[in-house]
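Me: I am new to reading protein models and would like a close look at one part of this one. Could you walk me through the long helix near the start and what surrounds it?

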Amino acid sequence: MTVYEGKQGIASLREKIKLKSKMLVGESLEKIAVTLVDESPLGAPYYQSPTLGEAIKNDVGDFKNSWQVAFNKPNKAIREANAEGTGAVIGAITMSRVYNLEDVSFVTNNVEHAEDVEQGWDDNPEYGWKAKQGYHVVGNNVGAAKAICEIVAQKISKI
């Protein structure tokens, strides 16, 4: 068992706590964001316009690729559509490494139809989305997020 004594010991303990906290939050955020990307649905490449009656091209992967990890205030950016969510995953990995102990963290999705994808539509316009009642990407993954935090905390407690 390590003993922390005096000014130097307190400073060493403070740095260890700071490092562990940074690792805990950063790694948890990364894994939670990647889970949300993985669980995000894709719209169809084309959908039938309810007003025009013709096929309209859809940006497949705009929702999936627009998950953002940010600190101290939400990142309102929207990424280009990508069916694999590559930009969102790279962004989550990058941001998880710059977390600081006192930062407030956010994981958001700011595409215009994000709430509809999550909660559903009153009148589903069939914009390539199948679940009229919503996909509940966030709601269905609350348990996974808690489990990720617990697993990461256990791992870090052993360091």
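**Around Phe63 and helix α1**

Reply: Let us begin with one residue and work outwards. Setting aside residues up to four places away in sequence, Phe63 touches Ser40, Pro41, Asn109, Val111, His113, Ala114, Val117, Trp129 and Val137. Keep in mind that this is a predicted model.

Phe63 also has an aromatic partner. There are 2 aromatic pairs in the count. One of them joins Phe63 and Trp67, which meet edge-to-face, with 5.6 Å from centre to centre and 70° between the planes. The angle counts as edge-to-face because it is over 60 degrees. Both Phe63 and Trp67 are buried.

These two residues lead us to the largest nonpolar core, which has 15 residues. Leu36, Phe63, Trp67, Trp129 and Val137 are the members that touch the most others. Helices α1, α3 and α4 are the elements that each give two or more residues to this core. A separate core of 6 residues lies apart from it, and its members include Leu29, Ala33, Ala92 and Tyr99.

Now for the helix you asked about. Helix α1 covers residues 6-39, a run of 34 residues. From its first C-alpha to its last it reaches 49 Å, close to the 50 Å expected at 1.5 Å a residue. Which of its residues are buried? They are Gly9, Ser21, Gly26, Glu27, Ser28, Leu29, Ile32, Ala33, Leu36 and Val37. What do the buried residues of α1 pack against? Their partners are β3, α2, β4 and α4. We can take three of these partners in turn.

Start with α2, which covers residues 86-96. Helices α1 and α2 pack at an angle of about 170°, and their axes are 8 Å apart. The two helices are therefore roughly antiparallel to each other. On the α1 side, the residues that meet α2 are Gly26, Glu30, Ala33, Val34 and Val37. On the α2 side, they are Ala88, Val89, Ala92, Ile93 and Ser96.

Next comes α4, the helix of residues 142-157. Ile148 is found in α4. Is Ile148 buried or exposed? With a relative accessible area of 13%, Ile148 is buried, because buried means under 20%. Leaving out neighbours within four places in sequence, Ile148 is in contact with Ser28, Lys31, Ile32 and Thr35. Ile148 and Lys31 are 117 residues apart along the chain, yet 7.0 Å separates their C-alpha atoms.

The last of the three is strand β4, residues 105-109. Val107 is found in this strand. Val107 has a relative accessible area of 26% and is partly exposed. Again leaving aside neighbours within four places, Val107 is in contact with Leu29, Ala33, Leu36, Trp67, Gln68 and Val69. Trp67 and Val107 are 40 residues apart in sequence, and their C-alpha atoms are 6.7 Å apart in space.

Finally, two loop residues are worth finding on your screen. Asn72 lies in the loop between β3 and α2. The phi of Asn72 is near 70°, a positive value in a residue other than glycine. Asn72 counts as partly exposed, at 48% relative accessibility. His136 sits in the loop between α3 and α4. His136 also has a positive phi, of about 55°, although it is not a glycine. At 29% relative accessibility, His136 is partly exposed.

Terms used: Residues numbered from 1 in each chain as written. Predicted model: local features only at pLDDT ≥ 70, side-chain atom pairs only at ≥ 80, totals over all residues. Heavy atoms only, no water. Phe/Tyr/Trp six-rings, centres within 6.5 Å; stacked < 30°, edge-to-face > 60°. Buried < 20%, exposed > 50% of the residue type's maximum accessible area, 1.4 Å probe, protein only. Helix = DSSP H or I, 4+ residues; strand = E, 2+ residues; numbered from the N terminus. Expected span 1.5 Å × (residues − 1). Contact = heavy atoms within 4.5 Å. Core = buried A, V, L, I, M, F, W, Y, C linked by side-chain atoms within 4.5 Å. Axes fitted to C-alpha atoms, helices over the stretch in contact; angles between N-to-C directions. Parallel < 35°, antiparallel > 145°, perpendicular 65-115°, else oblique.
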